[in-house]
Amino acid sequence: MTNAPPTTRYSRKKLSRKRIAAEAVFKRLGFLERLFFRSNNALQIARYEIVDAKIPASFDEYLLAQVSDLHGKLFEPRNEPLLAALHEARPDAILVTGDLFDERHTNDLEAREFLERAKEVAPVYYITGNHESNLDYASAAEALTLVEASGAIFLDGKVCELSPRGNGDDRIRLYGVADPPCEEDFFEGVDARLDALEGKRDRSRFEILLAHRPEGIARYAARGYNLVFSGHAHGGQFRFPLLCPEGLFAPGQGWFPRYTAGIHEIGKTREIISRGLGSSVIPTRLFNRPELVLCALRSRKDICQR
């Protein structure tokens with residue numbers, strides 16, 4: 001006859017302690033899950049107002065929406081939350097400031113559908129980011145074809161004029177600069193592309209520049225652009241209040257970057273930096289929700305008349 005192993009008996013007190021400890025672990029895991037979900041999927045709206053004497057009164061309350069660094073991400077099926085936010089805002093123009101695609105996963109069909117549906121809200125203006133610039137030739141050509149087929153206006157190295165809501169003759173100038181591919185020095189590459197735009201400038205008008213990388217702000221300001229829209233920095237990826245409110249790391253700027261979000265100003269140039277919508281090399285964000293930017297233009301003349 002073999003002796004049965006002794007049975008371990010737990011008192012109710014011990015069982016209660018184990019249950020409490022287990023519940024605490026699961027609660028912490030649940031909190032972390034919710035935190036990371038919100039940091040990567042809970043869309044946030046950033047609202048700005050730009051007041052400038054060069055903005056014609058007919059453009060008062062003209063609304064620009066900025067979509068940046070989607071990186072092939074889908075917000076639920078078919079990007080419904082993002083498109084719903086655009087429909088609700090009813091902007092006059094939608095500015096896509098690069099990295100709609102990701103060189104690792106382009107999601108061509110989803111990107112085209114997003115652009116087509118965004119165009120139902122307002123005209124869409126598109127520039128390339130570093131990820132589009134780094135696609136191989138065939139993929140880059142396919143992406144460009146897709147953008148143009150969607151009805152979006154491809155703005156690399158080009159200029160167009162925005163019209164007011166009414167039928168007035170006033171115009172605002174919108175320029176786009178392509179992001180240099182990774183084998184080029186960024187500052188030399190962006191200087192060359194900005195120089196190529198100089199012959200198309202009209203400094204008598206309010207001029208807006210779409211440029212993917214925010215760290216070029218001194219170069220954009222040196223050329224006298226009134227307003228610049230940039231992205232690329234992903235809000236510094238991980239943002240910790242007090243410790244590093246501008247984020248932990250940004251490509252092109254390194255650790256503890258300066259230009260990751262909000263409005264920055266040099267001279268008469270103001271740059272709005274989007275924290276972006278997706279993630280890329282680092283596959284997650286923390287305390288850094290995806291961001292859709294809305295910017296209202298206001299004429300200083302119109303304010304003086306009120």
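Two strands pair if DSSP finds at least two bridges between them. The exercises below apply this to a predicted model.

**Exercise 1. Decide which way strands S8 and S9 run relative to each other, and name residues that stand opposite one another.**

Solution.
Step 1: Locate the strands. S8 covers residues 207-211 and S9 covers residues 227-230.
Step 2: Count bridges. Three join S8 to S9, and the cut-off is at least two.
Step 3: Read the direction. The two strands run parallel.
Step 4: Find partners. Ile208 stands opposite Leu227 in S9. Leu210 has Phe229 in S9 as its bridge partner.
Step 5: Trace the connection. From S8 the chain passes through helix H7 (residues 217-222) to S9, in a right-handed β-α-β crossover.

**Exercise 2. Work out how S7 connects to S8.**

Solution.
Step 1: Check the pairing. Five bridges link S7 and S8 in the parallel sense.
Step 2: Pick a pair. Val177 has Ala211 in S8 as its bridge partner.
Step 3: Add the helix. S7, H6 and S8 make a β-α-β unit, and this unit is right-handed.
Step 4: Place the helix. H6 (residues 186-197) lies across S7 (172-177) and S8, at about 145° to S7.

**Exercise 3. Put the strands S6, S7, S8, S9, S12 and S13 in sheet order and find the edges.**

Solution.
Step 1: Write the order. The six strands form an open sheet, S6-S7-S8-S9-S13-S12, with mixed pairing.
Step 2: Find the edges. S6 (159-162) and S12 (262-266) each have a single partner strand, so one side of each lacks a neighbour in the sheet.
Step 3: Note the turn. Neighbouring strands are turned by 25° against each other on average, direction ignored.

**Exercise 4. Is S8 enclosed or open to the surroundings?**

Solution.
Step 1: Recall the pattern. In a regular strand, side chains alternate between the two faces of the sheet.
Step 2: Sort the residues. Glu207, Leu209 and Ala211 point one way from S8; Ile208 and Leu210 point the other way.
Step 3: Apply the cut-off. Buried means under 20% relative accessible area. Five of the five residues of S8 are buried, so the strand is largely enclosed by the rest of the structure.

**Exercise 5. Which residues have the most contacts inside the largest nonpolar core?**

Solution.
Step 1: Size the core. The largest one has 32 residues.
Step 2: Name the residues. Ile94, Leu100, Phe114 and Leu115 have the most contacts inside it.
Step 3: Separate the other core. A second one, of 25 residues, includes Leu64, Tyr125, Leu155 and Cys160.
Step 4: Follow one residue. Among the residues Leu100 touches are Leu70, Ala111 and Tyr126.

Note on methods
Residues are numbered from 1 along each chain as its sequence is written. This is a predicted model: local features need pLDDT of at least 70, side-chain atom pairs count only at pLDDT 80 or more; totals for chains, interfaces and linings use all residues. Side-chain values use heavy atoms; hydrogens and water are left out. Helices (H or I, at least four residues) and strands (E, at least two) are DSSP runs, numbered from the N terminus. Axes are lines fitted to C-alpha atoms, for helices over the stretch in contact, and angles run from 0 to 180 degrees between N-to-C directions. Contact means heavy atoms within 4.5 Å. A nonpolar core is a set of buried Ala, Val, Leu, Ile, Met, Phe, Trp, Tyr and Cys residues joined through side-chain atoms within 4.5 Å. Buried means under 20% relative accessible area, exposed over 50%, partly exposed in between (1.4 Å probe, protein chains only). A crossover is right-handed if, with the strands pointing away from the viewer, the path from the first strand over the helix to the second runs clockwise. Lists of a residue's contacts leave out its neighbours within four places in sequence.
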